[in-house]
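Subject: Structure handover, pockets and cavities

Hello,

Here is the structure we talked about passing on. Please load it first, then read the notes underneath.

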Amino acid sequence: MSGMIPFLICFPYLIALLTFVVKPHKVRAAIIYIGAAALMAASVAFAVWFFMQGGSPVTFFVETENIDHVILGAELVLMVFVTVLCFKYRKYWISLLMIIPTLTITWFELMGPGVEEMHHIYIDRLTVLMCLIIGIVGSLIAVYAAGYMHGYHTVHTEVQDRRNFFYAVMFVFLGSMFGFVMASNLLWIDFFWEVTSISSFLLIGYTKTPEAITNCFRALWMNLLGGTALAIGIVYFGLNYGTVDLQSLVAEGLSGDARALLPIGLIAFAALTKSAQMPFSTWLLGAMVAPTPSSALLHSATMVKAGIYVLFRLSPAMYGNNVGTFVAFVGGFTFLSASFMAIAHSDGKKVLAFSTISNLGLMVACAGMGTAETIWAGVFLMIFHAVSKSLLFQDIGAVENSIHSRDIEDMNGLLFRLPKLGIFMFIGIAGMFLAPFGMLIAKWSTLKASIDETNILMVLFICFGSATTAFYWTKWMGKLLNRSEMAPVHDITRNNEMVSLVIHT
C-alpha cells in the first residue's frame, strides 16, 4: 500500500492538469467527478489499510534524492512566478517574503553541512484523519464546485469565465495538502506549505476585481511571512541538530533542550499565520470575495487546517513552556474576540468566516495547552468543524444563487421558502453548537482540561466565547424558523451541488 502515498499526492495534480486543458464543460465535469471519486475511495482505502496494520506509526521513503531536486526546482519556479506577479501589480516588497525564504532553503540544501538520512513520510492516526478530511470533504467541495461555478457565471456575467483555472487550482491545493500532512521532512513540508499559500492567493484573486486583488495579496504576504519564519526555523534546526525531521524536532523539545524552543516557536508562529489567528485573521476574512467553493475549501479541508495540523504535531513539545503559553493565549483570545465580532455582521459568509477564526482559535488553544485531553478535544473540534463548515459554506452559496443574497436578514423563513437548502443550513448550524454534536463535547472537554490545569484565563475565554457563539448561531437559526409571508423561491441548485450537500449531511 505504499504506492497509495504517491497516488494521493500526485493524482490530484494530474486531475488539475486535465481540468485546465480540457475545454468542453461536460467532459471537464466528468473528469472532476472521476477524480473526486478516486480520491475519496483512495483515502478510505488508505485509512482501512492503516488500521488493519494495527494503527501504529509507519515510515516510508529514505532514498529520495531525485524527488528532493524536483521539489527544490519547483520552489525556485514558484519564487519566480510570485515575483513576476508582485511586480506586475506593484507589490514589490511582498516578493521579498518569497525570495528570502526560498533562497535560504536553497542555500541550506545545496551548500549547507548536510543532514542525516531520514524517512521522508510519516503516517500515524493524525495523518490518516487529515487524509480523510482532505480526500472526502475536499473532493466533495470539488464536485460541488462543478455545478456551482456554472450558476455563478450565469449570475456574475461581469466576471471572466476561468473555470478551468479555478478547478485546476483546487486540485493542486488538495494534492499539496496530502503531501503536507504525510511529510516528515521539514523541507518537504516547507514546499507544500508554499504551494498552499500560492493556491489560496490565486483562488482569492479569481475575479480580478480591485477588491479581490487587494485581498489576495494580503493573504499572500501574511502567509509568506509565516513561510519565512518556517524556513528560518527549519534551517536553524538543521544547522544545529543535523536533521530536518519533524518527529526529531518534537523529541528534542520533549527532552527539555532549550535550543529547540526557537525553531518550535518559529514554526508555531508560521502556523498561527496560516490558521488566521489574531492579528493575521484579516486575510481569511478577505477571502470571502472569492467564489463560495474556494471559501469552503479554505475553511474546512485545507489551508487553515494546515496550521492547526502543525500545532497538533508540535503540541507535546509546547506543554508547560513559554511557547505553549503564548500559543494558548493567542488561540483563546482569538476565540473570544472573533465570536464577539461575528455578532455585528449579517453577511452570512462573514459570519461563517468569523466563526471559523473563532473555532480555529479554540483548536490553537488546545494545541498550546498540550495535554492529552486538550489535544483530543482539538482533533474532535477539527473533525466536526471541517464537515459542518463545508456544509454551511456550500449551502449558503446555493442559497445566494437562488435568492441573490447571502444576508441573514434575507433568510427569513428559509425552511419554508427553500426547504431543502433550509434543512441543510439548519443541520449545519446545529452541528456547530448544539448537543449531541461533537463541537459541544469538545468545548466541554477543553473547559474541563483548563479547570484541571487551573488556567483561569483560558476558562474565561472559553466560557464567554462559547456564550457569544451560541448567541449568533441561535439568532441565525431563528431566522430560518421564522414563518415568513414571502413567496417560495425557485431553487436553482444543480444535482452535483445537491449530491455534495446530501453526503455532508
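What follows covers the overall fold, the pockets, the cavities and one residue.

Please keep in mind that this is a predicted model.

**Overall**

The chain has 21 helices and two strands. It has 505 residues, and a compact globule of that length would have a radius of gyration near 23 Å. The chain comes out at 22 Å, so it agrees with that expectation. Along the principal axes, the C-alpha atoms fill a box of roughly 70 × 55 × 50 Å.

Of the 505 residues, 61% count as buried. The exposed area of the chain is about 18200 Å², and carbon and sulfur atoms supply 69% of it. Take the contacts between residues at least 6 apart in sequence: 82% of them join residues at least 24 apart.

**Pockets**

The largest pocket holds about 700 Å³ of space. It is lined by 28 residues, and those closest to its centre are Y13, V172, F191, F192 and V195. Four elements give two or more residues to this lining: α1 (4–21), α3 (65–88), α6 (163–182) and α7 (186–204). Which of them gives the most? That is α1, with eight residues. By class, the lining has 27 nonpolar residues, one polar and no charged.

The second largest pocket has a volume of about 500 Å³. Its lining has 22 residues, with D68, E109, V115, H120 and L187 closest to the centre. Here α3, α4 (92–111) and α7 each supply at least two residues. The largest share comes from α3, with five residues. How does this lining divide by class? Ten residues are nonpolar, six are polar and six are charged.

Helices α3 and α7 appear in both lists: they give two or more residues to the lining of the largest pocket, and each supplies at least two to that of the second largest pocket.

**Cavities**

How many cavities of 30 Å³ or more does a search of the whole structure find? It finds two.

- The largest cavity has a volume of about 60 Å³. Its lining is L186, I189, W193, L230, L246, I267, V310 and R313. Both α7 and α13 (304–318) supply at least two of these residues, and α7 gives the most, with three. Seven lining residues are nonpolar, none is polar and one is charged.
- The second largest cavity has a volume of about 40 Å³. It is lined by A342, I343, H345, V351, I408, Y472 and K475. At least two residues each come from α14 (322–343) and α20 (456–481). The classes here are five nonpolar, one polar and one charged.

Note that α7 also gives two or more residues to the lining of the largest pocket.

**One residue: E252**

E252 sits in helix α9 (residues 246–254). Is E252 buried, exposed or partly exposed? Its relative accessibility is 26%, so E252 counts as partly exposed; the partly exposed class lies between the buried limit of under 20% and the exposed limit of over 50%.

Leaving aside neighbours within four places in sequence, E252 is in contact with F237, Y241, D257 and A260. E252 and I264 are twelve residues apart in sequence, and their C-alpha atoms are 9.8 Å apart in space.

Best regards

Conventions:
Residues are numbered from 1 along each chain as its sequence is written. This is a predicted model: local features need pLDDT of at least 70, side-chain atom pairs count only at pLDDT 80 or more; totals for chains, interfaces and linings use all residues. Side-chain values use heavy atoms; hydrogens and water are left out. On a 1 Å grid over the protein atoms alone, a cavity is a set of points where a 1.4 Å probe fits but cannot get out, and a pocket is an open set with protein on both sides within 12 Å along at least five of seven lines; lining residues have an atom within 4 Å of a point. Grid points are joined across faces, edges and corners, and a volume is the space filled by probe spheres set on the points. Ala, Val, Leu, Ile, Met, Phe, Trp, Tyr, Cys and Pro count as nonpolar, Asp, Glu, Lys and Arg as charged, and the others, Gly among them, as polar. The radius of gyration is taken over C-alpha atoms; the globule rule is 2.2 Å times the number of residues to the power 0.38. Buried means under 20% relative accessible area, exposed over 50%, partly exposed in between (1.4 Å probe, protein chains only). Contact means heavy atoms within 4.5 Å. Accessible areas come from the Shrake-Rupley method with a 1.4 Å probe; for residues, only the protein chains shown count as cover.
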